[in-house]
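Subject: Structure handover

Hello,

I am passing on the structure we spoke of. Please look through it first; my notes follow below.

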Amino acid sequence: MKALHQSEKSQAKPVRKGLHPRNLHNQGYDFPALVKSHPSLAPHVKPNAHGELSIDFADPLAVKTLNAALLDRYYNIVDWDIPEGALCPPIPGRADYIHYMADLPGLEQRSIKLLDIGTGANGIYPLLACQMYGWQCVGSDINTQSLENVATIIANNPTLKDRFTLRTQHDKNHIFEGIIQAGEFFDVSVCNPPFHASLDEALKGNQLKLNNLARSRGGEKANTPALNFGGQGAELWCKGGEQLFLKKLIKESQVYSTQCRWFTSLVSKADNVKPANPDISSGS
């Protein structure tokens with residue numbers, strides 16, 4: 001495995017400073033401008049405990065509407081939507097991943113081909129890569145309904161038609177096999193892996209996240225077991241969790257080492273990296 005981009009896998013939350021220098025969200029969210037260009041966001045924007053305009057980041061609809069507004073205003077992607085319960089990614093952090101990929105050696109030129117493993121119903125990495133850098137992208141997933149949703153987003157944005165294609169992974173035991181075709185070459189693969197080992201673990205992690213959000217707003221602990229930012233099935237959990245998934249990704253990437261220049265993945269815990277492959281460290 002040539003590169004493992006380490007980053008905290010997080011759900012949508014107020015944007016942090018310290019993002020990549022090219023990230024358009026370094027200064028936070030301009031809510032008045034977003035509401036002006038995307039009026040459906042208006043009902044969700046209110047002063048927070050500090051008197052600053054914000055949204056309730058524990059409200060899935062508010063987060064989804066913010067995402068649609070950001071994609072529309074900053075990336076010229078219209079009619080972005082995801083089914084109820086699908087993973088809703090934080091746009092600034094996802095844009096950061098792509099910006100850092102663009103800094104990798106050999107990816108400076110524009111004729112880059114990207115493979116997104118587990119693109120989900122949101123298709124966020126290829127969407128951003130297409131719009132920010134003009135890359136050619138392939139998104140793969142085992143969930144055909146998720147791919148159908150991304151196909152609708154592509155259809156609603158004609159400029160993506162020749163740059164973003166979708167492929168179905170028919171075997172849950174494989175990551176690259178059945179997706180990377182004979183004679184095909186990718187410059188980089190990206191992945192936002194499922195990092196929980198079970199639904200129960202995902203719910204517990206979500207509860208902690210909700211409680212942290214409530215405390216930051218000066219409120220009480222949240223009581224709902226719902227996944228506040230969505231995510232279902234293979235999006236959030238898999239047998240063995242993130243560590244086993246990374247191990248499989250590393251092992252299978254070796255088979256396709258001549259067909260992809262950089263294999264990368266988000267990692268929620270540095271402790272999961274070295275056990276996945278004793279020959280690498282979290283800094284590789």
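In what follows, contact, or touching, means heavy atoms within 4.5 Å. Please keep in mind that this is a predicted model.

Overall picture

The chain has 284 residues, of which 49% count as buried. It holds eight helices and seven strands. Among contacts with a separation of 6 or more, 71% are between residues 24 or more positions apart. The exposed surface comes to about 13,500 Å², with 52% of it supplied by carbon and sulfur atoms.

Nonpolar cores

In soluble globular proteins, nonpolar side chains tend to be buried together. Here the largest nonpolar core has 50 residues, and I55, L66, W80, I98, W135 and V188 have the most contacts inside it. Elements that each supply at least two residues of this core include the helices α2 (60-75) and α3 (91-102) and the strand β6 (186-191). A second core, separate from that one, has 14 residues, among them L115, V138, F186 and C260. Leaving aside residues up to four places away in sequence, W135 touches I98 and V188, and also M101, L107 and R163, among others.

Salt bridges

The whole structure contains five salt bridges. In one of them E184 pairs with K113, with the closest N and O atoms 2.8 Å apart. E184 lies in the loop between β5 (164-168) and β6 and K113 lies in strand β3, so this pair ties together parts 71 residues apart in sequence. E184 is buried, at 9% relative accessible area, while K113 is partly exposed at 25%.

E184 also meets R167 in a salt bridge (2.7 Å, N to O). R167 is in strand β5, 17 residues from E184, and counts as buried at 16% relative accessibility.

Another salt bridge joins D187 and R261 (3.2 Å, N to O). D187 sits in strand β6 and R261 in strand β7, 74 residues apart. D187 is buried at 6% relative accessibility; R261 is partly exposed, at 28%. As for shared partners, K113, R167 and E184 are joined by their salt bridges into one network.

A buried charge without a partner

Which side chain of opposite charge is nearest to E252? It is K248, 6.8 Å away, and E252 has no salt bridge although it is buried. A salt bridge needs the nitrogen within 4 Å of the carboxyl oxygen, so a distance of 6.8 Å falls outside the cut-off. E252 is placed in helix α7 (residues 241-255). Not counting residues up to four places away in sequence, E252 touches N173, H174, I175, F176 and E177.

Regards

Key
Residues are numbered from 1 along each chain as its sequence is written. This is a predicted model: local features need pLDDT of at least 70, side-chain atom pairs count only at pLDDT 80 or more; totals for chains, interfaces and linings use all residues. Side-chain values use heavy atoms; hydrogens and water are left out. Helices (H or I, at least four residues) and strands (E, at least two) are DSSP runs, numbered from the N terminus. Buried means under 20% relative accessible area, exposed over 50%, partly exposed in between (1.4 Å probe, protein chains only). Accessible areas come from the Shrake-Rupley method with a 1.4 Å probe; for residues, only the protein chains shown count as cover. Lys and Arg count as positive and Asp and Glu as negative; His and the chain ends are not counted. A nonpolar core is a set of buried Ala, Val, Leu, Ile, Met, Phe, Trp, Tyr and Cys residues joined through side-chain atoms within 4.5 Å.
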